[in-house]
Amino acid sequence: MDRPARNRRPRLLTEAEQMRLDEFIDNINYSDRYSDAKYEYRHVMLPKNMLKVIPKDYFDPETGSLKILHEEEWRGLGITQSLGWQHYEIHAPEPHILLFKRPKNYQPPQQ
């Protein structure tokens with residue numbers, strides 16, 4: 001998996017790529033939040049057919065699973081969440097499931 005997502009630049013979608021993904025956005029499902037002592041977690045389930053229209057360079061060529069995505073990338077796919085969430089893992093047996101975490105009791109920076 002491409003765990004060092006932070007070591008590469010985000011690859012933003014083109015307008016044409018975004019248009020191909022738009023039909024799937026209403027079918028993205030979000031789990032309830034769950035937590036441990038340090039983080040709160042949730043998983044996001046993309047429609048399986050959506051994987052077929054996500055650009056190939058969003059996938060790890062070795063595993064065929066999605067790479068760990070920057071916030072700009074996952075938001076570009078149509079995933080909407082409050083601030084502070086970090087994509088940290090792919091559920092390999094079900095590559096349409098993206099795992100997210102953020103520090104427990106996260107407070108966004110004051111502007």
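Reader: If the radius of gyration is taken over C-alpha atoms and the globule rule is 2.2 Å times the number of residues to the power 0.38, what does the chain have beside a compact globule with 111 residues?

Author: The chain has 14 Å, which agrees with the value near 13 Å for a compact globule with 111 residues. This is a predicted model, in which local features need pLDDT of at least 70 and side-chain atom pairs count only at pLDDT 80 or more, while totals for chains, interfaces and linings use all residues. Residues are numbered from 1 along each chain as its sequence is written, and side-chain values use heavy atoms, leaving out hydrogens and water.

Reader: And what does the C-alpha trace span along its principal axes?

Author: The C-alpha trace spans about 40 × 30 × 30 Å along those axes.

Reader: How many helices and strands are there, and in what pattern along the sequence?

Author: There are 2 helices and 5 strands, taken as DSSP runs numbered from the N terminus (H or I of at least four residues for helices, E of at least two for strands). Along the sequence they follow the pattern α-β-β-β-α-β-β.

Reader: OK, the inside: which residues touch the most other members of the largest nonpolar core?

Author: L46, I54 and L66 do, in a core of 21 residues; such a core is a set of buried Ala, Val, Leu, Ile, Met, Phe, Trp, Tyr and Cys residues joined through side-chain atoms within 4.5 Å. Buried means under 20% relative accessible area, exposed over 50% and partly exposed in between, with a 1.4 Å probe and protein chains only. Of the 111 residues of the chain, 41% count as buried.

Reader: What is L66 in contact with, neighbours within four places in sequence aside?

Author: With contact meaning heavy atoms within 4.5 Å, L66 meets L46, L51, I54, Y58, F59, D60, I90, P95 and L98.

Reader: Switching to E71: where is its place, and is E71 buried or partly exposed?

Author: E71 lies in helix α2, residues 71-76, and is partly exposed, because its relative accessible area is 29%. E71 and Q86 are 15 residues apart in sequence, yet their C-alpha atoms are 6.9 Å apart in space.

Reader: What about phi of N105?

Author: Phi of N105 is near 60 degrees, a positive value in a residue other than glycine. Most residues other than glycine have a negative phi.

Reader: Where is the place of N105, and is N105 buried or exposed?

Author: N105 sits in the segment after β5 (97-103) and counts as exposed, because its relative accessible area is 67%.
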